[in-house]
Amino acid sequence: MPFSKLDQFINDIWEVNQTLSETIRLENGYPYFISLVFIKLMNETATHKILANKHLLIKQILEQPEHLILDKLNQCLAELDNLNFLLPTQASNQKSKDRAMSNQLLSNIDFRQALPLDLAKANKLFRAMLQSLHQIPSPNKNSSPQMLCEVFLTIIDRVNSTIPDVAIFYTPTAISGLVQQLIQPTGKESIYDPACGTSSLMIKVAEFSQYKREKMDLPHFFGEEAKQQIGAIAKMNFILHGINHFEINIGNSLSAPAYKESKNQLRQFDVVVSAPPFKIDHWRETEHFQDNLNRFNLGLPPANKADFAFLLHGLASLKKHQGRMAIISPQGILFRGEQEKLIRTQLIENNFIDCIINLPPKSFYQRNINAAILILRKDKRNKEILFINAENYFTPSKRLNTFDDKQILKISKIYHDFCNSQINKQLQYHKKTVQFQAKTTEISGQYLYQIQSSLSGDQQASMPDYCIATHTVIKQNDYNLNPPLYFGTKKLSNKNIRELMKSRKQLKASLNKIDLDIQQLLSKLGQND
């Protein structure tokens, strides 16, 4: 693929990060770098006229004395925070005023806090970065909103790939695109994300419909984010995408949810989408935990694993009629035992789980994470769960495995055919064409599956694309939802685990015999001496 002007523009912007990293580590400085990129891109839009009137264009800021750079940058963000056309239409009631305040997010980025002990050094640093950004020419005379959004998301993606262990809660574009096609929201539906991060997932889902072209009095997008600076980046994302009917609250949705109809009732939404952080090892107090919102009636998740806490919170926030949720979770919730098994059992018995999509490895920048997309509904009728093997549909890459548009459409078509009862029943799990018997052995805390398939050797070379498991079959598997139990696993060896254990035992016996023979020979040699 030829190197375009847009590629060069993105690379030039990314190079400015090197100036920052010489002074501040990226894991600490990324909110300031992303904010500078946002200001640069806003200088490319019609908003530059408003900024010009306030003397807050980059070239105008650079004309100020160096000791005022930090204050001018903060003033610029505050001005963008307060632009009325970027916020939901405000009515003259207290609730709307509260919503307006909840969207005052950009001020959470305070450039004076980048190097609070050396403001002179910080002023000099950000002046140099602004100077570099100002010198980067626009790739086009008239920068389109789509181009600016692509630049912004690409920069966030690069930050996320550079510091994968410091999650900035950005869902890779391909995963967001897959969720979009699975959920397919209409233009009038409300969308909620209890752990919205940079809001990339919500925004991608929104692109399926015509949200951006509609003028609405109330926001249709609702997000909660625990970190203030991440919430600010989320608002930047909405602004650049031209979506003005959104609402983001800063806070912990598990311990203090913001969206409630009453003291004992969560607000409910048409669509819930979320990719919550995978590794939260302490989400509640182990003792005296109380929840008056009826979120954990199906079971209280363990204190050291928040995966089911987010799932159950999202489910409780879902409307009963046609409400649907897509949540990205680590695959461990599909088979872990104890309290999580009890919750999984209740989810199945109450017929909430519609589909489980097994994602390929290396779908996220965070290392050693295998994930799945779970789709849940409250109005399911058929007592079956569709398993889709997305490992058959992905484009491998050194950095990140991904999906192209055709692969996404193939996966989503399987799901929507299932919803419309058009799927080929010949691949149903309990039919003879795909018959598996599974046994589970626990070895050193890891689950090892011994899959015996009735498929021929050629068919065993790859897993089926999908299969349907009835609740009866799932009960027989002790409510274990690990996908390999239902569509098998690639045949990597002709020997199963028992054969390997038997071979190991035989080898050990042979070694013992050899040791004994050596001892006897040494004994005879000693006698001869």
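About 30 Å³ of space lies in the second largest cavity of this predicted model. Let us start there and look at the walls. The lining of this second largest cavity consists of F308, I333, L334, R344, L347, I353, L374 and L481. By class, that makes seven nonpolar residues, no polar ones and one charged.

A search of the whole structure finds two cavities of 30 Å³ or more, so let us turn to the other. The largest cavity has a volume of about 60 Å³. Its lining includes a run of neighbours that is easy to pick out in the viewer, among them C196, G197, T198, S199, S200 and L201. F169, Y170, T171, D193, A195 and A275 also line the largest cavity. Here the classes are mixed: six of the lining residues are nonpolar, five are polar and one is charged.

Y170 is a handy signpost to the next stop, an open pocket. The second largest pocket has a volume of about 940 Å³. A total of 34 residues line this pocket, and those closest to its centre are E150, L153, T154, Y170 and T173. Two or more lining residues come from each of the elements α1 (5-21), α8 (145-162), α9 (173-183), α10 (200-206) and α11 (228-240). Among them, α8 gives the most to the lining, with eight residues. In the lining of the second largest pocket, 13 residues are nonpolar, 13 are polar and eight are charged.

Now for the charged contacts. The count of salt bridges comes to 16. In one of them, the side chains of R324 and E189 meet with N and O at 2.8 Å. R324 belongs to strand β7 (residues 324-330), while E189 sits in the loop between α9 and β1 (191-193), so this salt bridge ties together parts that are 135 residues apart in sequence. What about their exposure? R324 has a relative accessible area of 10%, under the 20% limit, and therefore counts as buried. E189 is buried as well, also with a relative accessible area of 10%.

Just before strand β7 in the chain comes another pair to look at. K319 forms a salt bridge with D270, and their closest N and O atoms are 3.2 Å apart. K319 is in the loop between α12 (307-316) and β7, and D270 in the loop between β5 (265-266) and β6 (271-274), so the pair joins parts that are 49 residues apart in sequence. K319 is partly exposed at 32% relative accessibility, whereas D270 is buried at 14%.

A third pair brings K475 and E349 together, in a salt bridge of 3.6 Å from N to O. This pair links distant parts of the chain, with K475 in helix α15 (residues 471-476) and E349 in helix α13 (residues 339-349), 126 residues apart. K475 is partly exposed, with a relative accessible area of 40%, and E349 is partly exposed too, at 39%. Salt bridges can also join up, and here D307, R336 and E340 are linked in a network of them.

To finish, step outside to the surface. L511, I514, I518, L522 and L525 form a nonpolar patch there, and together they have about 500 Å² of accessible area. L511 is placed in helix α17 (residues 497-528). With a relative accessibility of 52%, L511 counts as exposed, because the cut-off is over 50%.

Definitions and conventions: Residues are numbered from 1 along each chain as its sequence is written. This is a predicted model: local features need pLDDT of at least 70, side-chain atom pairs count only at pLDDT 80 or more; totals for chains, interfaces and linings use all residues. Side-chain values use heavy atoms; hydrogens and water are left out. On a 1 Å grid over the protein atoms alone, a cavity is a set of points where a 1.4 Å probe fits but cannot get out, and a pocket is an open set with protein on both sides within 12 Å along at least five of seven lines; lining residues have an atom within 4 Å of a point. Grid points are joined across faces, edges and corners, and a volume is the space filled by probe spheres set on the points. Ala, Val, Leu, Ile, Met, Phe, Trp, Tyr, Cys and Pro count as nonpolar, Asp, Glu, Lys and Arg as charged, and the others, Gly among them, as polar. Patches are made of residues with over 30% relative accessible area and no salt bridge: like charges are joined within 9 Å, nonpolar side chains (Val, Leu, Ile, Met, Phe, Trp, Tyr) within 5 Å. Accessible areas come from the Shrake-Rupley method with a 1.4 Å probe; for residues, only the protein chains shown count as cover. A salt bridge is a side-chain nitrogen of Lys or Arg within 4 Å of a carboxyl oxygen of Asp or Glu. Helices (H or I, at least four residues) and strands (E, at least two) are DSSP runs, numbered from the N terminus. Buried means under 20% relative accessible area, exposed over 50%, partly exposed in between (1.4 Å probe, protein chains only).
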